[in-house]
Amino acid sequence: MRRSAAIVGCSAVVSVLSAWLPASASAAPQQAGATTPPLHVWNTQAQATGTRSVRLTTDIQESQVSGPGTLVVDWGDGQQSTLDYTDDASRWMPAAFAHSYAQPGVYTVKVTASEGNQTASQQVSVTTRGSEFFPVGPSRVLDTRTGKGTGIAARVTSGWTVTIDPATFPGRPSGPLSAVVLNLTAVTPSGNGYVTAWSDISGSRPSSSSLNYLAGQTRANTVTVPVGPDGKIHLYNQGGTVDLLADVEGYYAVQHGQGYHPLVPVRLLDTRTAFNGRAAAKVPGRGSTTFTVAGTSHVPTQGATAVALNLTETGSTAPGFVTAYPDGTALPQASNLNFGARQDVPNLVIVPLGKDGKVRLFNGSGRAIDVVADIEGYYTSTPGLDFVPAQLAPGGLPTTNPAPIAATRILDTRTGLSWQNHVPKGRLGAHKALSMLVPAFLNEDAPAQALVLNLTTVNPDANGWLWVDYLDQSAAQATSGANYVAHRAVSNGFMAITEGNPRGIELSFANVSPGSTDLVADVAGYFA
């Protein structure tokens, strides 16, 4: 008996992971009473193993005809894998292949076996795990004050859930959604409380919060919300009665879009001082200012389409809001951060760039304010990193068993929870720093390049702010992770670069306050 196998015709194939079972192996299904089993392809399965990589397994029952056979895998992207084999008798052959796609998407994979004048085939569908970004300018999709997004103008009472449908949002890409980036705003709540944004991909509502608010104060936070099988996003309110706003900033979809490029945070704008060729000048009330992103701080002059910023308002003397939008376009009916008098408020912002490579900031207050902007990354239409929601992460934290996980909490000083348990239980003291290793999520055994975090300070003793610093990046600047007031919880999004370090990235969280606070960090997803 002669057995041989060869791969020809496709450089995209990584390997044949298995070939032949021995002659004593269990036979594939045969027709009742048949003496010559027909050629048969069966049990074909394709599974995503990385952001764009898949693994395919299939079984072939050879015919009784002696001679060569050919197995062809058409991956649905114009690429093929070919396996030539030769055998002298009827056998059951299992085979496995690995393939990497150039772009994320949903692909139909067809397996065809040929022996002499006989052919048999089977096809399956496979969806890559990674998704790419589609920015939106921003645009309001929910306003319970007017009924936009719900059809009913009514405040949301404690314990109630508002459900919104991304299928109705503007600028939605055609491919399957994996996540939606929303800026959530709680308007004039009657008491202290929080909002949890979630989808049925979680199975049930998680216990974590997405937005924390204070009685009488309007607060906002940018969140990346995975989209589940029913396609809906749910906003659960607990605490006070509140109006809710949601502005969509973009989508992650399983199709070719815009790839992410993480950066070590660098300051692009500080209106308090002369900075990057711009004179020190506050943003006037009901006025605006611009700053250049393209061509600065490792962002290419051409090709950058959107930017991730940590935007901070400071020095306010009256309530208001800030809207970030592409320079050269009309002011949208949306906001990115909301503030009260004498409050310093940060928020994660993802905003498209204008044709001139600039972002414009509008001050919705009647009084002048200062604004600080730190870049955390940018997007391009050329290849970059794909996004994977934490709920779909294949292995979660390193050293865990490969299994789907829910959004992952990596730090909680109230319970002593931390990755590798290197952080002791206890509040973060006044003017003290806490250092921890943020895990590098795994993408097919390769560490992720960046993480999307939600940081929450819980019940601080006094007003203050949280500085975030990269301890193992000498060129990094500390950036404001959250500004908070006494006895309240405040959340803020943060996109942390890991640079593919298999041990993760070491971050320092400094409590700049005369009182202590608890700190919670949740991972919403990763880039690889």
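Okay, so Pro138 sits in strand E10. Keep in mind that this is a predicted model. What is the peptide bond from Gly137 to Pro138 like? It's cis, with omega near -20 degrees.

Now, where does E10 go? E10 belongs to an open sheet of four strands, and the order is E10-E17-E12-E15. The pairing there is antiparallel. Strand E10, residues 132–143, is one of the edge strands, and strand E15, 219–226, is the other, so called because each pairs on one side only. From one strand to the next, the twist averages 20 degrees.

Let's move inward. How many bridges join strand E12 to strand E17? Ten, between residues 177–187 on the E12 side and residues 243–253 on the E17 side, and the two run antiparallel. If you want a pair to click on, take Leu184, which stands opposite Ala246 in E17.

Follow E12 out and you get into the loop between E12 and strand E13, which covers 193–198. Thr188 lies in that loop. If you're scanning backbone torsions, flag this one: phi of Thr188 is near 40 degrees, so a positive value in a residue other than glycine. Is Thr188 buried or exposed? Partly exposed, as it happens, because its relative accessible area is 40%, which falls between the 20% and 50% cut-offs.

There's another one to flag, Arg342. Its phi is positive too, about 60 degrees, and Arg342 is not a glycine either. You'll find Arg342 in the loop between strand E22, 337–339, and strand E23, 345–352. Arg342 counts as exposed, because a relative accessible area of 71% is over the 50% cut-off.

Last stop, strand E24. Which strands does E24 bridge to? One of them is strand E19, residues 288–292, joined by five bridges to E24, residues 358–363. Those two run antiparallel. Here the pair to look at is Thr289, whose bridge partner in E24 is Leu361.

Strand E21, residues 320–326, is joined to E24 as well, again by five bridges and again antiparallel. On that side, look at Pro326: its bridge partner in E24 is Val359.

So, for your viewer, the spots to pull up are the cis bond from Gly137 to Pro138, the positive phi at Thr188, and the positive phi at Arg342. After those, go to E24 and check Leu361 against Thr289, then Val359 against Pro326. That's my bit, over to you.

Methods: Residues are numbered from 1 along each chain as its sequence is written. This is a predicted model: local features need pLDDT of at least 70, side-chain atom pairs count only at pLDDT 80 or more; totals for chains, interfaces and linings use all residues. Side-chain values use heavy atoms; hydrogens and water are left out. Axes are lines fitted to C-alpha atoms, for helices over the stretch in contact, and angles run from 0 to 180 degrees between N-to-C directions. Buried means under 20% relative accessible area, exposed over 50%, partly exposed in between (1.4 Å probe, protein chains only).
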